[in-house]
Structure formats: structure tokens, C-alpha cells
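Colleague: I would like a close look at one part of this model, with the rest of the chain as background. Please take the packing of one pair of helices and follow it outward.

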Amino acid sequence: PAWLRRLCGQLLSERLMRPNGVQAVVRGIMEGTGAGGASAEAAAVDWRKCDTVAKILASCPQQCLSFEDYYRLVCPQILDLLHIQDKLTARQFQRVATTTLLTMAKEHPQLAEKHLLQPLLAPLLRCSET
């Protein structure tokens with residue numbers, strides 16, 4: 001029903017904008033693909049699921065006042081997905097993060113540059129300046 005879809009969307013949006021909310025949401029969604037072993041490896045190859053999660057992350061929820069606020073809260077968390085230590089989980093999270101980055105860069109290039117690309121490339125820029 002529509003009311004349930006709205007409520008789930010609202011709860012998902014609220015969770016995404018909390019500290020570590022992106023990782024919790026990604027873990028929750030990707031968990032259903034299997035935990036550990038060969039099933040996690042197979043899940044890492046499942047681009048469609050990673051694409052779906054990326055689309056969710058790239059969509060600014062209705063509860064958020066502006067794209068700027070949403071990007072400011074969520075983008076650092078997306079970059080944190082690139083630093084997961086567990087190798088099987090890292091593959092899934094890295095695919096989700098890169099697909100989200102690409103989607104956000106297409107939809108809102110200035111915000112993606114400010115909140116994703118500049119922080120991502122900052123170490124490289126610092127090295128090239130010296």
C-alpha cells in the first residue's frame with residue numbers, strides 16, 4: 001500500500017542522514033544476498049543490486065530541505081564505504097560507492113565535485129603541490 005511505501009521511504013531517509021546511516025542501510029540491503037563465503041562473492045558480482053542501492057543513496061529524500069544538505073550529510077559516508085576492511089564486504093561497498101558517485105556526479109555535478117570528488121582527490125592534490 002502507498003502509506004506503507006511512504007513510511008518505509010521516510011524511515012530509510014531518516015536513517016541515511018544519521019551518522020553511519022549509509023553503511024547501516026547498505027549492510028541491511030546487501031545482507032539479504034548472503035553472508036560470507038561464495039554467496040557474498042556472487043553478491044559482489046550482482047551489479048543490479050549494487051545499482052539499486054546506489055540509486056537509493058543518490059536520491060535526495062523529500063524530508064531533506066535541500067540537495068546541499070543531503071550531499072553534505074551523505075557524501076562523507078559514501079566515501080567511508082571505500083575504506084571497509086573485510087575483503088568480500090569491501091567489494092560490494094566499493095561498487096555501491098563508485099556507482100553512487102557516478103550517479104551523483106551526473107545528476108548534480110557541482111555538489112558531487114564539492115562533497116565527493118574534492119575530498120576524494122585531496123591527498124593526490126596535496127602530493128602534486130609539493
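Modeller: What follows starts with the whole chain, goes to the first two helices, and ends with a residue and a pocket that involve the same region. The model is predicted.

The chain has 7 helices and 0 strands, so its pattern along the sequence reads α-α-α-α-α-α-α. It holds 130 residues, and 33% of them count as buried. Among contacts with a separation of 6 or more, 69% join residues that are 24 or more positions apart.

Now the pair itself. Two packed helices are described by the angle between their axes and the distance between the axes. Helix α1 covers residues 2-16 and helix α2 covers residues 21-31. Their axes come within 7 Å and cross at roughly 130°. Angles over 145 degrees would count as roughly antiparallel, and 65 to 115 as roughly perpendicular; α1 and α2 are therefore oblique to each other.

On the α1 side the contact is made by Leu12, Arg15 and Leu16. On the α2 side, Gly21, Val22, Ala24 and Val25 meet them. By class, the residues of this contact divide into 5 nonpolar, 1 polar and 1 charged.

Helix α5 also has a residue to consider here. Gln77 lies in α5, which covers residues 67-80. Its relative accessibility is 11%, and because buried means under 20%, Gln77 counts as buried. Leaving aside residues up to four places away in sequence, Gln77 touches Leu16, Arg18, Pro19, Asn20, Gly21, Val22 and Gln23. Among these, Leu16 belongs to the α1 side of the helix contact, and Gly21 and Val22 to the α2 side. Gln77 and Gln23 are 54 residues apart in sequence, yet their C-alpha atoms are 7.2 Å apart in space.

The last item is empty space. Rolling a probe the size of a water molecule over the atoms shows where empty space is left. In the largest pocket there is about 210 Å³ of space. Its lining consists of 13 residues, and those nearest the centre are Gly9, Gln10, Ser13, Pro61 and Gln63. Helix α1 gives the most to this lining, with 6 residues. The lining of the largest pocket has 6 nonpolar, 6 polar and 1 charged residues.

Taken together, helix α1 meets α2 through Leu12, Arg15 and Leu16, Leu16 is also touched by Gln77, and α1 gives 6 residues to the lining of the largest pocket.

Conventions:
Residues are numbered from 1 along each chain as its sequence is written. This is a predicted model: local features need pLDDT of at least 70, side-chain atom pairs count only at pLDDT 80 or more; totals for chains, interfaces and linings use all residues. Side-chain values use heavy atoms; hydrogens and water are left out. Axes are lines fitted to C-alpha atoms, for helices over the stretch in contact, and angles run from 0 to 180 degrees between N-to-C directions. Helices (H or I, at least four residues) and strands (E, at least two) are DSSP runs, numbered from the N terminus. Angles under 35 degrees count as roughly parallel, over 145 as roughly antiparallel, 65 to 115 as roughly perpendicular and the rest as oblique. Contact means heavy atoms within 4.5 Å. Ala, Val, Leu, Ile, Met, Phe, Trp, Tyr, Cys and Pro count as nonpolar, Asp, Glu, Lys and Arg as charged, and the others, Gly among them, as polar. On a 1 Å grid over the protein atoms alone, a cavity is a set of points where a 1.4 Å probe fits but cannot get out, and a pocket is an open set with protein on both sides within 12 Å along at least five of seven lines; lining residues have an atom within 4 Å of a point. Grid points are joined across faces, edges and corners, and a volume is the space filled by probe spheres set on the points. Buried means under 20% relative accessible area, exposed over 50%, partly exposed in between (1.4 Å probe, protein chains only).
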